[in-house]
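Visitor: Please pick one part of this structure and walk me through it closely. After that, I'd like to see how a few other parts are put together.

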Amino acid sequence: MKIDLLIRDAQVYNTAKQCFEKKHVTVSGEKFYYITTKDLSHLEILHEIDGRGKYMIPGLIDSHMHIESSMTTPSIFSKAVLPFGVTTVIADAHEMANVFGLEGLTEFMAAETELDIFHAIPSSVPSTTPELETTGGIIGLAETEKLLDNPKVICLGEAMNFHGIAHEPTSLIRQIIDLCKEKRPTMPLEGHCPKIYEEELAAFMYSGISSDHTHQFPESLAEKIENGMFIQFQNKSITPENMAVITENEYYDYACLITDDVMADDLLTGHLNENLRKAVEAGLPVEQAIYMTTYTPARRMGLNDRGLIGPGRMADFILLDDLSTFAISAVFKSGKEVYRQGEAITYPEKIEQFPASYSQTVHCKKLSLDDLRLPVKTDLASVRCNVIRKHEVGTFTERITKEIPVKDGYLDWENSDCALLLVMERYGKNGNVAYALMEEPISKPGSIATTWAHDHHNVMVMGNNCQDILLAQQKLLELQGGYVVVNEGKLTATCPLPIGGIVSQAPIEELGQDLKTVRREMQNLGYKNMNEIMSFSTLSLPVSPAIKMTDKGMMNTKTQEFYPLVFPSDGVLL
């Protein structure tokens, strides 16, 4: 047997025992061959690495993530994450599908990368229904059937429409689930069920969905796992309390660590490796943290050719200088070194070539002052309004009510403690503009605008004065998508996302710096959240608790009913 690579005397991770053992590891071609403590002089070895003082673990596997959350494309993403030890991802490109439909998804999936990228069928395009939100594309039964024939597709992506899944047996999402079960009976069906418990959880899982990656809480973790739900811990769920539930009950086989969303600025410093490190700091033993970023995600996704160091498995692995700090010395993909400590990222000469039309996708009118004056028919000096209150932790929101003054027949929102939030349909389909109020999301005069508005990705603008709203929206249209921040009449940050208004092909260093500036300027306006970008971008996600915005209006995301801006008993918004 020809041995292409020998790693001698490394501390090798034993997946079955979840511990490290001093071993020699051989690689032939793209796969591991022989792992042993015995003499190997009988083998023809082409290249050898001294593994003394190094820890060797399988390549990290991210079983639930969205490349578009890093605002980049697969070829650039691949180069960016390999240095962090990530060798396989399962990508749910539902952002591309929401903007471009099956055509855009196919373009995205065709990328050639060193990183192994498998795909999930975007199950929620749109996340609810076309009656509740306008998107650029739709993934229905015909599109699902085509995707099921693609060997790179290995699961159904996160099914998010709780109401349709649990209470509407003939809904589109239930039909998609049933089609997947018919054509691929053993394929994993991924779920999105925040704050769902007891019989509601049972109704959700009865459809066949068996995983959840949303914000987890210790009081519901055991219930979900003991009912057969596989838990995928994203960053905000990696807490000491949640990790204690896993360790105290030895639930290691029923969960994994994922990223879900990593912003472009965060991608400058880490990816799944950072979540692994955080889990250890939160109390998860390092050996089990490795198990839950290599073996359990591979097994969940049916990737039986990887996830452990053993004969016949893909030779994807990481060499660590230090286990406690997870200091990466080198990364190998399919037996080839793809990163060595200290090397700079070199981007491929060949990147995805999207149609020119993909950079001209934002089709809505420029706002005028008249668009921001909201006439209300009432005899009262003020009216009660439904108002969105955002939380400072996570992406949850809640509905509150406030008295807003009326002046000269118009809602005087500029002289209240609320900001105006608009969502404008931007695909040229209907020209919808929806209005809402937010309780003091920023403390300084300013505005924020984006097309990176999950998941429908319409134009979303929020501000506490008309002039700053106009400036932000018009700059966003000029960029053909991205993020824009205005502070007291001055444009202070832009992050262009010209491809569909959601991704860029700029180097990660440039893109990440742009987004870092956006984040800083949002903070300067007084926008408070643990993740300002995701908090703002999910104000438009109508499957995330509890009140969100689409181009059709303010929605109760559980009942899928729309709230009027002004209480009908107080007046009528004209």
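Guide: A quick word before the annotation: UniProt positions appear here in the numbering used for this chain, feature names are shortened, and an annotation may be inferred rather than shown by experiment. With that in mind, the UniProt record, an unreviewed entry, lists residues 395–560 as "domain: Adenine deaminase C-terminal". Keep in mind too that you're looking at a predicted model. In that model, residues 395–560 are 23% helix and 35% strand, and the C-alpha atoms at the two ends of the span lie 18 Å apart.

For the close look, let's take strand β29, residues 547–550. Which of its faces are covered? Both of them: I547 and M549 are buried on one side, and K548 and T550 are buried on the other. Yes, that puts a lysine among the buried residues of this strand. The partner of β29 is strand β30, residues 553–556; the two run antiparallel and are joined by four bridges. One of the pairings to click on is M549, whose bridge partner in β30 is M554. The turn between the strands takes two residues, making β29 and β30 a hairpin.

Now compare that with a sheet elsewhere in the chain. As a reminder, strands of a sheet pair through backbone hydrogen bonds, either parallel or antiparallel. Here five strands pair in parallel to form an open sheet, in the order β8-β9-β10-β11-β12. The edges belong to β8 (60–65) and β12 (189–191); each has a single partner strand, so one side of each has no neighbour in the sheet. From one strand to the next, the twist averages 30 degrees. Inside the sheet, β9 (residues 86–91) runs parallel to β10 (residues 116–121), with four bridges between them. If you want a landmark there, I90 has F118 in β10 as its bridge partner.

A helix is worth a stop as well. In α7, residues 218–226, the buried residues are S220, L221, K224 and I225. Looking down the axis, these buried residues fall within an arc of 135 degrees, so they line one face of the helix. What covers them includes α6 (198–206), β13 (211–212), β14 (230–233) and α8 (240–249). Turned away from that buried side are the exposed residues E219 and E226. After the helix comes G228, with a positive phi near 100 degrees.

Finally, the rings. There are 13 aromatic pairs in the model. One of them is F317 with F332, which stack at 4.5 Å centre to centre with 10 degrees between their planes. F317 sits in strand β16 (residues 317–322) and F332 in strand β17 (residues 327–333), so to speak a link across 15 residues of chain. Both F317 and F332 are buried. Another stacked pair is F354 with Y358, at 5.9 Å centre to centre and 20 degrees between the planes. With buried meaning under 20% relative accessible area, F354 counts as buried because its value is 14%, and Y358 does too because its value is 3%. Elsewhere, Y13, F20 and Y55 form one aromatic cluster.

Conventions. Residues are numbered from 1 along each chain as its sequence is written. This is a predicted model: local features need pLDDT of at least 70, side-chain atom pairs count only at pLDDT 80 or more; totals for chains, interfaces and linings use all residues. Side-chain values use heavy atoms; hydrogens and water are left out. Buried means under 20% relative accessible area, exposed over 50%, partly exposed in between (1.4 Å probe, protein chains only). The arc is that of the directions from the helix axis to the C-beta atoms. Contact means heavy atoms within 4.5 Å. Two strands pair if DSSP finds at least two bridges between them. Axes are lines fitted to C-alpha atoms, for helices over the stretch in contact, and angles run from 0 to 180 degrees between N-to-C directions. Rings of Phe, Tyr and Trp (its six-membered ring) pair if their centres lie within 6.5 Å; planes under 30 degrees apart count as stacked, over 60 as edge-to-face and the rest as tilted.
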